[in-house]
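Subject: Structure handover

Hello,

Here is the structure I promised to pass on. My notes on it follow below.

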Amino acid sequence: MSRLPLRTLILLFSSALCTSSNAKDDLVSFHREVLPILRTNCFACHKPGKSKGGLDLTTHPALLQGGDEGKVIKSGDALASRLIETICGDEPEMPKESEPLLPREIDLIKRWVAQGAIEDSAGDTGTRRPSEPTTYHSLPAVHSMSFSPDGSLLAVPGRHEILLHQADGSGIVSRLAGDSPRLESVAFSKDGTIIVACGGAVSEFGEIQIWDTQRRELIRSFKESNDTFYGVSISPNNQQVAVGCADKLVRVFNIADGVEVMRCDNHLDWVFGTAFTNDGLRLVTVSRDKAAKLIDIASGHLIDDVNMSRDPLICLTRHPIENLVATGGTEGKIRLFKMEPRGGRLSEGDNKEESFVREFEHMASPIQSIAFSPDGIHVACSALSGEVRIFKADNGQRVAQIQVGRGPIFALAFTADGKQVVAGGYDGRIRYYKTDTGEVVKEINSVPLP
Ligand code: HEC
């Protein structure tokens, strides 16, 4: 059997196909096609703070600006561009110390330069927004829910849209249609003026949507990456949004212009949750790599882990008032931490994390979501088994235990007055429960059925 490495095999195949690819000269997209190649192969040595040869390849302006030796791109002329020269040939200079780019990748970058090296807007990667509202024949799973702070609305992602329900479940008020077929996470800002959502299409794009709550209009959508965004959060001053991603990166964007202001590559696996500190200067993120990390937003650098790694983390939620986060993972453990460094390097079995505050009763199934009541008094969590538990946040005492139903519960939210909890999940139903007793109040469909 051939022991050729996979990449060599791909190289052989793609060089055979390469000749025909010049025929169709579709416009190459910088954001969708070129940037992902540079990200995978070049960013490690050519990014702000570590720009080898003075060259930053992370943004379009930086790329055009060039490095210590001057410009590396001559728009419209691939063969006269230093960047193309470094990636071509039998033993290409770049990427330094690793395998050459694939012929298909080189071809894309060449064509992009030859076509003028233009920057397409990150926002217009194909409009797949349906012209008609989605018609549902079955209920889609509920992945996220958020109540408006004034207590009037409940936002729930559907397919290609966000549904705004009356908070009491008495009807659908509005349907906000967007590009992403699937939204993973939705949140109202603290003042209720905007709704942010993130999601995307697997292997295609990640998207963030910013909606005006009053006018029910999309203020802005920005797309990045070629994978789905998770765990959106809004900075306390409403000026930035943070997301995790299946590509392992954490990103922060300006809401006003969609500019990416921070990118952190410290996680080793999918990043599912983000939360800003009260001063807006730091971010806590959780990943399947088991780590809850504290990141400095100005520099994009890791400050420290918040937790000691134990189990892959799936969700995080921040306390509404204090700088605290609760994390949940595959082992069914819910832990509360200060949004601070865990304190020194700890060895295995050493439990003295300085950031650790409290642990809640374990659940026998992976935790899927956690929510605080708006006053911070209660914390609720849901599991893959379909169970929901509600605890007192300050002492961990269990208040209610509810077997919601068949299938996993992916999303939880407290009503604005904190008196009820809603749970949604696999079966697409949204169920209301009393916080202090767990008694069921109401049950509705997440989307309209014919
Ligand atoms: C492991 C680190 C590393 C990686 C990965 C890397 N580079 Fe470089 N690059 C360097 C260093 C170091 C220099 C400075 C010049 C030198 O030492 O050769 C440089 C310089 C350059 C220059 C300027 C060369 C000149 O003389 O003007 C270009 C263009 C360049 N890199 C492109 C790329 C591209 C494109 C990729 C990804 C396909 C990439 N590099 C990946 C380390 C790296």
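Let me start with a side-chain contact. The charged end of Arg288 sits over the ring of Trp270, at 4.5 Å from the ring centre. A second contact of this kind involves Lys223. Its charged end lies over the ring of Phe205, 4.6 Å from the centre. Please keep in mind that this is a predicted model.

**Overall picture**

The chain has 450 residues. Its secondary structure comprises 5 helices and 29 strands. Along the principal axes, the C-alpha atoms fill a box of roughly 70 × 55 × 50 Å. The radius of gyration is 24 Å. For a compact globule with 450 residues, a value near 22 Å would be expected, and the chain agrees with that. Of the residues, 54% count as buried.

**Iron site**

The ligand carries an iron atom, and two residues of the protein act as its donors. These are His46, through NE2, and Met94, through SD. They lie 2.1 to 2.2 Å from the iron. The site has 6 donor atoms, with angles of 86 to 178 degrees among them. That makes the site octahedral.

Where do His46 and Met94 lie in the chain? His46 is in strand β1, residues 46-47. Met94 is in the loop between α4 (82-87) and α5 (103-114). The two are 48 residues apart in sequence, so the pair ties together separate parts of the chain.

Their surroundings can be put in numbers too. His46 has a relative accessible area of 10%, so it is buried, the limit being under 20%. Met94 has 24% and counts as partly exposed.

**The loop between α4 and α5**

This loop deserves a look beyond Met94. A cis peptide bond joins Met94 to Pro95, with omega at about -5 degrees. So one of the iron donors is also a partner in a cis bond. Pro95 itself is placed in the loop between α4 and α5.

Glu97 is in that loop as well. Its phi is near 60 degrees, a positive value in a residue other than glycine. Is Glu97 buried or exposed? It is exposed, at 80% relative accessibility.

**Helix α5**

After the loop comes α5, with 12 residues. At 1.5 Å a residue, α5 should span 16 Å. Its end C-alpha atoms are 16 Å apart, which agrees.

How many residues of α5 are buried? The count is 9 of the 12, so the helix is largely enclosed by the rest of the structure. Among the buried ones are Ile106, Leu108, Ile109, Trp112 and Val113. Charged side chains appear in the list too, including Glu105, Asp107 and Arg111. Just after α5, Gly116 takes a positive phi of about 115 degrees.

**Aromatic pairs**

A search of the whole structure finds 8 aromatic pairs. One of them is Phe337 with Phe356. The ring centres are 5.9 Å apart and the planes are at 70 degrees. Planes over 60 degrees apart count as edge-to-face, so this pair is edge-to-face.

The Phe337 and Phe356 pair links distant parts of the chain, 19 residues apart. Phe337 is in strand β20, residues 334-338. Phe356 is in strand β21, residues 356-359. Phe337 is buried, with a relative accessible area of 1%. Phe356 is partly exposed, at 29%.

There is also a cluster. Ring pairs link Phe222, Phe229 and Phe253 into it.

**Two more loop residues**

Ser148 is in the loop between β3 (146-147) and β4 (153-157). With a relative accessible area of 3%, Ser148 is buried. What separates its C-alpha atom from that of Ala416? The distance is 7.2 Å, although the two residues are 268 residues apart along the chain.

Lys248 lies in the loop between β11 (240-245) and β12 (250-254). It is not a glycine, yet it has a positive phi of about 80 degrees. Lys248 is partly exposed, with a relative accessible area of 37%.

Best wishes

Notes: Residues are numbered from 1 along each chain as its sequence is written. Side-chain values use heavy atoms; hydrogens and water are left out. Donors are N, O and S atoms within 2.8 Å of the metal (3.2 Å for Na, K and Ca); water is not among the atoms, so sites may look incomplete. Four donors count as tetrahedral if all angles lie between 85 and 135 degrees; four count as square planar and six as octahedral if opposite donors are over 155 degrees apart and all others between 65 and 115; anything else is irregular. Helices (H or I, at least four residues) and strands (E, at least two) are DSSP runs, numbered from the N terminus. Buried means under 20% relative accessible area, exposed over 50%, partly exposed in between (1.4 Å probe, protein chains only). The expected span of a helix is 1.5 Å times one less than its number of residues. Rings of Phe, Tyr and Trp (its six-membered ring) pair if their centres lie within 6.5 Å; planes under 30 degrees apart count as stacked, over 60 as edge-to-face and the rest as tilted. A charge sits over a ring if NZ of Lys or CZ of Arg is within 6 Å of the ring centre and within 35 degrees of the ring normal. The radius of gyration is taken over C-alpha atoms; the globule rule is 2.2 Å times the number of residues to the power 0.38.
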